[in-house]
Structure formats: structure tokens, C-alpha cells
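The following exercises guide a reader through one protein structure. Each task is followed by a solution in steps.

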Amino acid sequence: MKILTSAQAFGYGPASKLVTLAKWLKPHNKYHIDFIGDDVALTYVLQNSLYFNNIFEYSGEYPNQAEYDLVASVMNPYLVIWAWINNI
């Protein structure tokens with residue numbers, strides 16, 4: 001299962017919660033976890049990159065929606081809207 005994740009860049013709290021989720025999912029070897037974000041959320045995820053397969057800096061576009069089965073967002077409403085529009 002391929003998951004696209006993101007966290008709102010509001011201090012380290014949202015990104016920290018997302019990394020905790022990724023730490024829990026990654027050992028199961030059933031999940032491919034990608035991250036897209038910017039600012040402090042990107043910085044925190046880069047510091048914990050071993051829990052993510054790919055890390056993208058958000059530059060106004062999201063990756064190809066056909067690649068993802070699930071979206072996990074911590075306080076990032078834009079990723080949730082993107083997922084809803086793309087039936088993810």
C-alpha cells in the first residue's frame with residue numbers, strides 16, 4: 001500500500017505526530033510511505049527520513065494521484081482536499 005503523507009508546518013508538533021505514525025507503520029513492510037511538505041515540517045521529516053521512502057518539498061503541486069492508495073494528513077487541510085478531489 002502506498003501512502004502519501006503531510007503535516008502542517010506549525011512548529012514541530014504536527015510533523016512529530018506524523019513521524020510517530022510512520023515509525024509505527026514502517027516495520028510492517030507493507031507500506032510505502034511518502035511525505036510532501038515544506039518549512040519546519042519538511043525539516044523535521046528530513047531529520048527522521050529513515051521512516052519515509054520519498055520526501056518531496058511542496059512547490060505548488062502534488063504527485064500523481066494514481067500512485068497512492070491512502071493519504072494521511074496531520075492538520076494539512078490542502079492534502080485532504082486534494083485526496084477527496086482525486087477519490088483517494
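Contact means that heavy atoms lie within 4.5 Å. The model used throughout is predicted.

**Exercise 1. Determine where Y51 lies and which residues it touches, leaving out those up to four places away in sequence.**

Step 1. Locate the residue: Y51 is found in the loop between α2 and β3 (54-57).

Step 2. Apply the contact criterion, not counting residues up to four places away in sequence. Y51 then touches V19, A22, K23, K26 and I33.

Step 3. Compare sequence and space. From Y51 to L18 the separation is 33 residues in sequence, while the C-alpha atoms are 10 Å apart.

**Exercise 2. Describe helix α1 by its length, its buried residues and its packing partners.**

Step 1. Take the length. Helix α1 covers residues 13-25, which makes 13 residues. From first C-alpha to last it reaches 19 Å, close to the 18 Å expected at 1.5 Å a residue.

Step 2. List the residues with under 20% relative accessible area. In α1 the buried residues are P14, A15, L18, V19, A22 and L25.

Step 3. Ask how they are arranged. The buried residues cover an arc of only 135° around the axis, which puts them on the same side of α1. An α-helix has 3.6 residues a turn, so residues three or four places apart point the same way.

Step 4. Turn to the other side of α1, where K17 and W24 are exposed.

Step 5. Identify the partners. The buried residues of α1 pack against β1 (2-7), β2 (32-37), α2 (39-47) and β4 (70-74).

**Exercise 3. Carry out a similar analysis for α3, and state which residues are buried and which are exposed.**

Step 1. Find the buried residues: L79, W82 and A83 are buried in α3.

Step 2. Look down the axis. The buried residues of α3 fall within an arc of 100°, so they line one face of the helix.

Step 3. Examine the face turned away from this buried side, which carries the exposed residues Y78, W84 and I85.

Step 4. Name the packing partners. For the buried residues of α3 these are β1 and β4.

**Exercise 4. Establish whether I3 is buried or exposed, and list its contacts.**

Step 1. Place the residue: I3 is in strand β1.

Step 2. Use the accessibility. The relative accessible area of I3 is 4%. Buried means under 20%, so I3 is buried.

Step 3. Collect the contacts, not counting residues up to four places away in sequence. I3 touches L25, Y31, H32, I33, D34, Y68, L70 and A72.

Step 4. Check the separation of I3 and V71. These two residues are 68 residues apart in sequence and 5.5 Å apart in space, C-alpha to C-alpha.

**Exercise 5. Describe the largest cavity and the largest pocket by volume and lining.**

Step 1. Count the cavities. There is one cavity of 30 Å³ or more, and about 30 Å³ of space lies in the largest cavity.

Step 2. Name the lining of the largest cavity: I3, T5, L18, L21, A22, L25, I33, F52 and A72. The largest share, four residues, comes from α1. β1 and α1 each supply at least two residues of this lining.

Step 3. Sort the cavity lining by type. Eight residues are nonpolar, one is polar and none is charged.

Step 4. Turn to the largest pocket, which has a volume of about 170 Å³. It is lined by 13 residues, and the closest to its centre are A7, Q8, D38, N76 and Y78.

Step 5. Find the contributing elements. β1, β2 and α3 (77-85) each supply at least two residues of the pocket lining. This lining divides into eight nonpolar, four polar and one charged.

**Exercise 6. For D39 and N87, state the phi angle and decide whether each residue is buried or exposed.**

Step 1. Consider D39, which lies in helix α2. The phi of D39 is near 55°, a positive value in a residue other than glycine.

Step 2. Take its accessibility. D39 has 52% relative accessibility and therefore counts as exposed, the cut-off being over 50%.

Step 3. Consider N87, in the segment after α3. Although N87 is not a glycine, it has a positive phi of about 55°.

Step 4. Apply the same cut-off of over 50%. At 72% relative accessibility, N87 counts as exposed.

Definitions and conventions: Residues are numbered from 1 along each chain as its sequence is written. This is a predicted model: local features need pLDDT of at least 70, side-chain atom pairs count only at pLDDT 80 or more; totals for chains, interfaces and linings use all residues. Side-chain values use heavy atoms; hydrogens and water are left out. The expected span of a helix is 1.5 Å times one less than its number of residues. Buried means under 20% relative accessible area, exposed over 50%, partly exposed in between (1.4 Å probe, protein chains only). The arc is that of the directions from the helix axis to the C-beta atoms. On a 1 Å grid over the protein atoms alone, a cavity is a set of points where a 1.4 Å probe fits but cannot get out, and a pocket is an open set with protein on both sides within 12 Å along at least five of seven lines; lining residues have an atom within 4 Å of a point. Grid points are joined across faces, edges and corners, and a volume is the space filled by probe spheres set on the points. Ala, Val, Leu, Ile, Met, Phe, Trp, Tyr, Cys and Pro count as nonpolar, Asp, Glu, Lys and Arg as charged, and the others, Gly among them, as polar.
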